[in-house]
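Reader: I'd like to go through this fold with you and ask where the labels come from. Could you show me the structure to begin with?

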Amino acid sequence: MSQRIAVVTGASGGLGEAMCKAMSDQGHKVVGSYLPGTDSEAQLWQQAMQTKGYDISIYPLNVADYDSCCSFIATVEKEVGPIDILVNNAGITRDAPLKRMQPQQWQDVLRTNLDSMYNMCQPVFDAMCSRGFGRIVNISSLNGEQGQFGQANYSAAKAGIYGFTKAIAKEGARKGVTVNAVSPGFIDTPMVSQIPDNVLESIVAGIPVGRLGQPEEISRAVAFLTAEDAGYITGTNLSVNGGEYMS
Ligand code: CAA
């Protein structure tokens, strides 16, 4: 198993932490990102990971801002090494029915969840192509596939990820760079726990498997797609949603 350098954005979130562990378990050197201004929380998280045996480097990053992404990537490449694996995981929700959705809610979600894909991929992509190896996984969502009440912004951003993923998958295909999406359904994370109880109950009732997913059930899909021998899988989407949406 060769050691690669893997970046996971939004590392300390419910899904991000499981992805960092999975990447580490594959033998990779893992670099996580955290929101600028949350240094002390990030350091506590890093220490907690260390006590569990995971040595994760962390740097501040605002994925919604291109310059922040460029400077994060430059720092990682200087201090850790060239990025081989990129997992674009950071994302937010600002749920509201369309009639009450404010321009700020729309813009925040589009910038963080969709612009971030360009912001992170553009500065690493050419170097991956030149080195002849790269694995990019963009985290989309079940709600980008099926749409969700109260998530016009989030569903639009997550659906946009599919077009972006397929386009750059074609650009990287002959250069050893694969680009895929993973679309989690409702997973047991802080993001999902913000859904009002009565709404969540009816969501879970509609999941064929009959329960929320676990973060590790997403990170294993990411590990699969970033593997050394996953070079023939590109431009696709892997849905992990307990059967809630079957495309
Ligand atoms: N389908 C149809 N109608 C629905 C509905 C649905 N799914 N959900 C609510 N409604 C209806 C209600 O029955 C109610 O109807 P009446 O007005 O006729 O009684 C009305 O909509 C409620 O509207 P409100 O204006 O009162 O809505 P609200 O402001 O209280 O709440 C909301 C709206 C914030 C969007 C809330 O419904 C909500 O939180 N929904 C969950 C959104 C969601 O699934 N978010 C996922 C977050 S996790 C995630 O995104 C991770 C991932 O990738 C899967």
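Author: What follows is a chat about the sheet, some helices and one residue of this model, which is predicted.

Reader: Let's start with the sheet. What makes it an open one with edges?

Author: Seven strands line up in the order S3-S2-S1-S4-S5-S6-S7, with parallel pairing, and the sheet is open. The edge strands are S3 (56-60) and S7 (237-240), because each pairs on one side only. On average, neighbouring strands are turned by 20° against each other, direction ignored.

Reader: How do you know that S6 and S7 pair?

Author: Pairing takes at least two bridges. Strand S6 (residues 177-184) and S7 have four bridges, in the parallel sense, so they count as paired. In one of these pairings, Ala 181 has Asn 237 in S7 as its bridge partner.

Reader: And what joins S1 to S2?

Author: Four bridges again, and the two strands run parallel. Ile 5 stands opposite Lys 29 in S2.

Reader: Why is Ile 5 called buried?

Author: The cut-off for buried is under 20% relative accessible area. Ile 5 has 11%, so it is buried. It lies in strand S1 (residues 5-8). Leaving out residues up to four places away in sequence, Ile 5 touches Lys 29, Val 31, Val 80, Gly 81, Pro 82, Ile 83, Asp 84 and Ile 85. With Ile 83, the C-alpha atoms are separated by 5.3 Å, although the two residues are 78 apart along the chain.

Reader: What makes you say both faces of S1 are covered?

Author: Look at the two sides: Ile 5 and Val 7 on one, Ala 6 and Val 8 on the other, and all are buried.

Reader: On to the helices. How do you know that the length of H6 fits a helix?

Author: Helix H6 (residues 152-172) has 21 residues, and at 1.5 Å a residue these should span 30 Å. The end C-alpha atoms of H6 are 30 Å apart, so the two values agree.

Reader: Which parts of the structure do the buried residues of H6 pack against?

Author: They pack against helix H4 (103-131), S5, helix H5 (142-146), S6, helix H7 (190-193) and S7. Among those buried residues are Tyr 154, Ala 157, Ile 161, Ile 168 and Gly 172.

Reader: Why are H4 and H6 called roughly parallel?

Author: H4 and H6 pack at about 15°, with their axes 8 Å apart. Angles under 35 degrees count as roughly parallel, so H4 is roughly parallel to H6. Their crossing is right-handed. Residues of H4 at this meeting include Trp 106, Leu 110 and Phe 125, while those of H6 include Ala 157, Ile 161 and Phe 164.

Reader: Then why is H1 oblique to H9?

Author: The axes of helix H1 (residues 14-25) and H9 come within 8 Å and cross at roughly 45°. Roughly parallel needs an angle under 35 degrees and roughly perpendicular takes 65 to 115, so H1 is oblique to H9. This crossing is right-handed too. Leu 15, Ala 18 and Met 19 are among the H1 residues that meet H9, where the partners include Ile 218 and Val 222.

Reader: What makes H9 roughly antiparallel to S6?

Author: Helix H9 (residues 215-226) runs at about 165° to S6, and angles over 145 count as roughly antiparallel, so the label fits. H9 lies across strand S4 (85-88), strand S5 (134-139), S6 and S7. Helix H2 (residues 39-51), for its part, lies across strand S2 (29-34) and S3 and runs at about 170° to S3.

Key. Residues are numbered from 1 along each chain as its sequence is written. This is a predicted model: local features need pLDDT of at least 70, side-chain atom pairs count only at pLDDT 80 or more; totals for chains, interfaces and linings use all residues. Side-chain values use heavy atoms; hydrogens and water are left out. Axes are lines fitted to C-alpha atoms, for helices over the stretch in contact, and angles run from 0 to 180 degrees between N-to-C directions. Contact means heavy atoms within 4.5 Å. The expected span of a helix is 1.5 Å times one less than its number of residues. Buried means under 20% relative accessible area, exposed over 50%, partly exposed in between (1.4 Å probe, protein chains only). A crossing is left-handed if the near helix is turned anticlockwise from the far one by less than a right angle, and right-handed if clockwise.
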